[in-house]
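Thanks for coming. I will take a few minutes to go through one structure, starting from its core and then turning to rings and cavities.

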Amino acid sequence: LMRVGEELRPMSDAVYLKILQESEPDFSEKICKGLTLDDLDEQAIVRMKSHYADKWHKPEFANIPTMQVLSDFKLVDAEGRLNYAALVLLGKKGAIQKYLPQNNVVVEYRLNHSMIPYTARQEFTEPLFLLVDSVWNYVNQPASNPLLHYHDKFNIFDLPAFNEEVVREAILNAICHRVMYIQSDVVIKQYPDMLHITNAGGFPVGVDVNNILQVNSMPRSKRISEVLQKTGLVEKSGQGVDKMFFHCLSEGKPLPDYSLTDNFQVSLRLFGRIENPAFLIFVKKIQKSRSEDNKLNVFDLMALYKTAKGISHCDTDSETLNKLLREGLLIESEEGMKLPAFYYEVLVKVEEQMAKRGEMNGKTE
């Protein structure tokens, strides 16, 4: 029962699940009874060592005994018992199916959004150090991840509908933040123009749609996340979302959309279209003119994006606004914030090019 005003009412499933998520210790650090070294995939272990060696410039790390590495990464306890993090990161398919059958990533491809049956489907039950590559390779087939084209003066440039770094970060986030004790796969529904990724459990405590860029959330599978940080697959908690937003903004694409998230699952939609080619060209030229240690960050790009879209800056950090104003990337006017004249010049040229292409297509038809 739960108190609602002066009454006692049955606790809703959403509230009950939230309480469980807040009180549940890290699932991935729990001992996986019965899991042995023979259940771990040698290729995944080699990949883990290689990632760590590359990140920290320690080639000798590849030759350290596996048991020592597992101990250093806290994947095994003093008694030699392996935990669920070891299973998720390094476990063979058979071991995963035996001890954690819900640890799958399912990719379904559909030709359009109205289709109910899928056109193609693939289920991935692999150690995480191999799974991310496998899922990306499946998503990144030429027919399902086509090249998009945009014009900059007389040049035509292209970029893939789905950015590799964005997709990888989305997969890692879904696995690190999912609620493992819910019998539900990570599901990726792919369309020609969108990826829809869902994982069990709502947002972690303290995170919502409005603050997802500002809050460094605690991953539910902290032990898994720690190993991914040590080996360079992720940086630190919360920065995966930063990366996704950064690349979408830089490529003139719609922002990652979490609006369908509820108390039972996180829902992320990534859109594979160039929404604003003028903004893409504008950002590209600005970044090219700046030194490596002075590139615009995701919060800078978000402020520029809001200005281009005519969105209020009521929740934009004042430090970011002052920086962009000093550098002339934002301009105050009677009508509100504006971008430099260069952006609007690019916007006019892009619209003219699109109009011409539309006329040419009409004549062809």
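**Core, rings and cavities**

The largest nonpolar core has 98 residues, and those touching the most other members are Leu 75, Leu 90 and Leu 228. Helix α6, residues 128-139, is the element that gives the most to this core, with 9 residues. In general, nonpolar side chains in soluble globular proteins tend to be buried together. Please keep in mind that this is a predicted model.

Let me stay with Leu 90 for a moment. What is Leu 90 in contact with, leaving aside neighbours within four places in sequence? The list is Asp 39, Leu 40, Asp 41, Ala 44, Ile 45, Met 48, Leu 70, Leu 75, Pro 127 and Phe 129. Leu 75, then, is both a contact of Leu 90 and one of the core residues I named at the start.

Next, the aromatic rings. The structure holds 14 aromatic pairs. Tyr 150 and Phe 157 make a stacked one, with 5.6 Å from centre to centre and 25 degrees between the planes. Are these two residues buried or exposed? Tyr 150 counts as buried because its relative accessibility is 7%. Phe 157 has 29% relative accessibility, so this residue counts as partly exposed.

A second pair, Phe 279 with Tyr 343, is edge-to-face: the centres are 6.5 Å apart and the planes stand at 75 degrees. This pair links distant parts of the chain, since Phe 279 is in helix α10, residues 277-288, and Tyr 343 is in helix α13, residues 341-364, with the two positions 64 residues apart. Phe 279 is buried, because its relative accessible area is 2%. Tyr 343 also counts as buried, at 2% relative accessibility. Both belong to one aromatic cluster, together with Phe 282, Tyr 305, Phe 342 and Tyr 344.

Some rings also have a charge over them. The charged end of Lys 284 sits over the ring of Phe 157, 3.8 Å from the ring centre. Lys 55 does likewise with Trp 56, its charged end lying over the ring at 4.9 Å from the centre.

Last, the empty space. How many cavities of 30 Å³ or more does the structure hold? There are 2. The second largest has about 70 Å³ of space. Its lining includes Ala 161, Phe 162, His 247, Cys 248, Leu 270 and Phe 271. Three elements give two or more residues to that lining: α7 (164-177), α9 (239-250) and β9 (265-271).

That is where I will stop.

Terms used. Residues are numbered from 1 along each chain as its sequence is written. This is a predicted model: local features need pLDDT of at least 70, side-chain atom pairs count only at pLDDT 80 or more; totals for chains, interfaces and linings use all residues. Side-chain values use heavy atoms; hydrogens and water are left out. Rings of Phe, Tyr and Trp (its six-membered ring) pair if their centres lie within 6.5 Å; planes under 30 degrees apart count as stacked, over 60 as edge-to-face and the rest as tilted. Buried means under 20% relative accessible area, exposed over 50%, partly exposed in between (1.4 Å probe, protein chains only). Helices (H or I, at least four residues) and strands (E, at least two) are DSSP runs, numbered from the N terminus. A charge sits over a ring if NZ of Lys or CZ of Arg is within 6 Å of the ring centre and within 35 degrees of the ring normal. A nonpolar core is a set of buried Ala, Val, Leu, Ile, Met, Phe, Trp, Tyr and Cys residues joined through side-chain atoms within 4.5 Å. Contact means heavy atoms within 4.5 Å. On a 1 Å grid over the protein atoms alone, a cavity is a set of points where a 1.4 Å probe fits but cannot get out, and a pocket is an open set with protein on both sides within 12 Å along at least five of seven lines; lining residues have an atom within 4 Å of a point. Grid points are joined across faces, edges and corners, and a volume is the space filled by probe spheres set on the points.
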